[in-house]
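Me: I have a structure open and want to understand how its parts fit together. Can we take it step by step?

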Amino acid sequence: MALPAGIARVGAYLPRLRLPRGRIAEAIGWANPQARAQASGARAVCNWDEDALTLAVEAARRCLEDHDRGAIGSLTLASTTLPFADHDNAALVCGALDLAQATRTSNLGSSLRAGADALVDAARQGEACSLVIAADARCARPASSQELAFGHGAAAFLMTSDVGAAIAVVDGSAHVTADFVDHYRMAGEPFDYALEERWVREEAYAKLVPGAIGRALESAGVKAEGIRHLVMPCPQAIAKRIAASSGLASARITDNLHANCGETGTAHPLLMLALALESAAAGERLMVVGFGQGVTAFVVTVQPAIDRKRPKTVTTALARAVEEQSYVRYLSHAGLLDLDFGMRAERDNRTAQSAAWRKHRDVTAFVGGRCAACGTVQYPKAHVCVNPDCRKTDTQVEYRLADSMGRVKSFTEDWQAYSPRPPYIYGNVEFEEGGNLLMEFTDLEPGEIAVNAPVRFVFRIKDVDRMRGFQRYFWKATRV
Amino acid sequence: MASGIRDKVAIIGMGCSKFGERWDAGPDDLMLEAATEAFRDAGIERDAIGAAWLGVFFDEQSTGKSALPLSVALRLPNIPVTRVENLCATGTEALRGAVYAVAAGACDFALAMGVEKLKDTGYSGLPERTKGTFEDLYLPASTAPGAFAQLASAYAARHGLSIEELRKAMAHVSWKSHENGSRNPKAHLRNRITEQQVLDAPMIAYPLGVYDCCGVSDGAACAIVTTPDIARSLGKREVVTVKALQLAPSNGVEMGHRSWDGSYTLTTRIAAERAYKEAGIRRPREEIDLIEVHDCFSITELVVMEDLGLSDPGRAPHDIRDGRYDRDGAIPCQIDGGLKCFGHPIGASGLRMAYEIYLQLLGRAGERQLSAPALGLTHNLGGIPNRNVTSVALFGLHST
């Protein structure tokens with residue numbers, strides 16, 4: 001019996017940078033000799049201007065595409081690494097996605113299970129249209145085994161109560177709550193403290209997960225043999241053992257994305273589910289397991305609608321990869337190495353919050369103006385039209401530019417300006433609908449940009465105010 | 001119908017401090033240095049000045065806001081002093097205030113002072129300025145070289161040039177200014193360089209290398225103006241008069257409208273057209289004898305040659321490499337070294353340019369004196385190509 005809301009759309013996002021594990025091992029192998037044995041593949045890691053919040057926005061944009069934003073009634077953001085402890089992270093995501101102000105937002109965290117829980121909750125609640133995003137960008141202590149294991153990423157699921165139109169439905173779920181401290185992180189601490197993996201394997205995975213799977217099957221009214229895919233974020237060997245002990249021996253073990261991404265925390269069960277949905281056939285059933293101080297297990301049944309629009313965003317995100325050439329630069333981006341960037345880095349980035357609120361549509365939602373008299377699109381929206389042949393007053397209506405395309409008119413790679421990832425690259429961008437803006441570029445190496453190159457826009461950290469512990473976000477241009 | 005400023009005001013005294021990294025001097029010292037020379041030149045007493053204008057850009061840097069820095073430094077007799085700021089056109093804006101006051105008959109003698117003390121920041125390059133509470137939220141924290149480097153990529157794209165070809169012409173611009181600066185004892189940078197050195201220099205903001213960028217300097221420049229009639233009563237027969245003084249600020253078109261392609265400075269075109277009209281100039285290429293333009297970066301000077309109508313569109317690189325703007329070319333440009341080598345203490349720069357034109361017209365330029373020039377042009381571009389305040393002024397000889 002399907003829960004009242006099913007999955008309408010799926011989106012995934014990984015940061016572009018991949019830090020090869022071999023590069024980590026090369027740097028820290030002297031301190032952690034075991035690292036050399038785990039040095040295959042690469043981790044997805046954030047650029048300096050990415051965090052769990054910007055990953056969430058990108059995953060949601062890939063999920064929503066042209067879907068009516070006004071129809072979304074609620075947004076749940078699951079993460080253990082959101083930038084603000086108090087200041088609604090989901091509200092910022094809501095603004096960047098241009099969702100309605102009437103949207104109800106909630107933030108779920110404090111366990112890696114939060115992503116799976118958010119999806120099951122939304123399925124149970126059965127709202128007409130709701131958005132679930134799980135995103136994490138966990139920081140690992142240099143030379144720890146987490147440093148090799150973790151990846152950064154996000155997944156977003158649009159849920160619909162129109163179950164007939166869903167690409168997949170949730171058929172049943174079960175929970176185990178157990179204060180099993182396989183790892184923990186005190187509030188305000190940068191790193192996890194992780195316990196012995198063998199203990200976690202034997203006492204938690206082996207003992208807690210099969211029970212949850214059994215009850216989820218029962219709740220869904222499905223036999224173990226009916227499950228074709230096991231989606232469980234853990235090492236493949238453990239997943240195989242769980243499958244065997246839970247009667248799912250014939251199920252395919254969904255790839256845990258270790259090779260080219262790493263373990264993305266709250267996002268991981270959802271990211272793996274998104275991957276499984278790229279190939280699962282209509283009618284197939286998946287067992288999805290979220291783990292963290294207990295277990296959340298649920299059964300997903302793929303619907304015929306999936307063949308109309310097969311999600312491929314995980315594969316796309318995996319393919320869009322650029323190797324991070326410097327371990328030291330990765331440490332610097334992660335805030336783990338305090339480099340001297342010179343006096344220009346001392347710039348005071350105080351945000352006038354009153355101005356930021358006044359202009360939140362412009363800045364967070366990247367909404368410009370379109371002159372109703374002459375049709376000129378412009379940023380920012382102003383009282384008087386910028387077109388020299390128009391200049392009419394109060395003719396502009398809101399025009400969102402975030403999902404537009406642009407073209408580079410000019411650029412520079414500035415080695416004098418402060419950037420956490422020099423050079424600071426910026427230039428004039430013309431929007432496809434007209435209008436020009438001098439913008440920062442991101443996710444570019446020197447020599448990668450050229451005049452006339454097409455660009456799209458991404459929501460990123462713009463400036464960090466170290467004095468007041470705040471960071472602000474804006475849109476940047478990046479190569480298509 | 002307004003008749004314009006042409007020949008209504010004469011410059012009877014000018015002064016300019018030594019430009020450079022003046023670790024020895026604060027803004028008050030620099031202003032006094034320039035003013036002392038200007039008063040001696042004008043042959044009038046300090047108390048004859050009826051009103052003064054002070055141009056400073058980075059007010060918080062060291063000089064301070066308001067009338068006070070100038071009034072106090074020169075111990076002026078409590079006359080009106082107006083502090084003005086219009087980005088890199090600040091010096092010319094100060095002159096504009098003084099010139100208009102005299103033209104209006106508000107006073108017999110007015111003084112314009114521009115000053116900037118940059119070398120107290122602790123680092124090289126210009127200090128960063130905030131752009132405003134809203135604009136800081138979306139505009140890049142660009143530097144001056146990065147903002148002007150945009151001109152290069154857009155110009156190359158528009159005219160189908162490779163960046164390498166364009167950089168060769170830019171290298172000639174800087175080479176020429178170093179040649180000229182080497183003959184100027186007041187210039188900040190007096191070393192001669194080769195074009196190859198320009199091309200090989202470390203990159204600051206692609207494609208601008210360190211030799212494509214002007215000096216960051218301390219300095220002050222000063223002008224004393226009056227009417228031609230009063231100048232005559234002081235025994236001055238051949239004076240320098242203001243032929244045109246135009247200012248054109250952007251209104252947002254370059255930053256926000258697709259009609260601007262980023263390859264030129266729109267406001268220079270507008271200010272130049274108005275200035276030529278005000279001065280009664282029909283053929284600028286034949287009539288203008290020398291120019292001092294806002295060569296904050298080599299690429300700025302290059303595109304401005306076209307924007308002033310002195311080179312045909314797309315021909316500036318050729319004309320530059322052909323020596324048209326060298327000291328022995330058809331229209332010598334930056335004969336004093338320009339911003340590039342004389343230096344760029346922002347508030348002083350417009351007045352420094354006028355100072356060189358003034359010396360050249362009166363035949364007082366010493367080793368770098370040109371042969372009997374009669375009309376000179378100054379040009380400032382304050383801000384960035386996307387949004388700026390541009391001034392174009394013309395100065396010529398006038399018999400009283």
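Reply: Start with one term: contact means heavy atoms within 4.5 Å. Keep in mind that this is a predicted model.

Me: How many residues does the contact take from chain B and from chain A?

Reply: Apply that cut-off to the two chains. Heavy atoms must lie within 4.5 Å to count. On that basis the contact takes 48 residues from chain A and 41 from chain B.

Me: How much area do chain B and chain A bury between them?

Reply: The size of an interface is often given as the accessible area lost when the parts come together. Here, 58% of that area is on carbon and sulfur atoms. In chain B, the residues that lose the most area to chain A are B:L137, B:Y138 and B:R258, together 19% of what that side buries. The area buried between the two chains is about 3,700 Å².

Me: Which side chains meet in a salt bridge?

Reply: The count between chain B and chain A is one salt bridge. Its N to O distance is 3.0 Å. A salt bridge needs the nitrogen within 4 Å of the oxygen, so this pair qualifies. The side chains are those of A:E430 and B:R258.

Me: Which element gives the most to the side of chain B that touches chain A?

Reply: α5 (144-159), β5 (203-205) and α9 (253-256) of chain B each supply at least two residues of that side. By class, the side has 21 nonpolar, 14 polar and six charged residues. The element that gives the most, with eight residues, is α5(B).

Me: Which helix gives the most to the largest nonpolar core?

Reply: The largest nonpolar core has 72 residues. Those with the most contacts inside this core are A:L131, A:I133 and A:F366. A:L131 touches A:A60, A:C63 and A:L64, among others. The helix that gives the most to this core, with nine residues, is α2 (residues 52-64) of chain A.

Me: How many residues are in the second, separate core?

Reply: Look for some of its members in chain B. They include B:Y155, B:Y276, B:L302 and B:L375. The second core has 48 residues.

Me: Is B:T267 buried or exposed?

Reply: B:T267 is found in helix α10 (residues 266-279) of chain B. B:T267 touches B:A248, B:P249, B:S250, B:E254, B:N388 and B:T390, not counting residues up to four places away in sequence. Its relative accessible area is 2%. Buried means under 20%, so B:T267 is buried.

Notes. Residues are numbered from 1 along each chain as its sequence is written. Chains are lettered from A and ligands numbered from 1 in the order in which they are written. This is a predicted model: local features need pLDDT of at least 70, side-chain atom pairs count only at pLDDT 80 or more; totals for chains, interfaces and linings use all residues. Side-chain values use heavy atoms; hydrogens and water are left out. A nonpolar core is a set of buried Ala, Val, Leu, Ile, Met, Phe, Trp, Tyr and Cys residues joined through side-chain atoms within 4.5 Å. Buried means under 20% relative accessible area, exposed over 50%, partly exposed in between (1.4 Å probe, protein chains only). Helices (H or I, at least four residues) and strands (E, at least two) are DSSP runs, numbered from the N terminus. Buried area is the accessible area (1.4 Å probe) that two parts lose on being put together, summed over both. Ala, Val, Leu, Ile, Met, Phe, Trp, Tyr, Cys and Pro count as nonpolar, Asp, Glu, Lys and Arg as charged, and the others, Gly among them, as polar.
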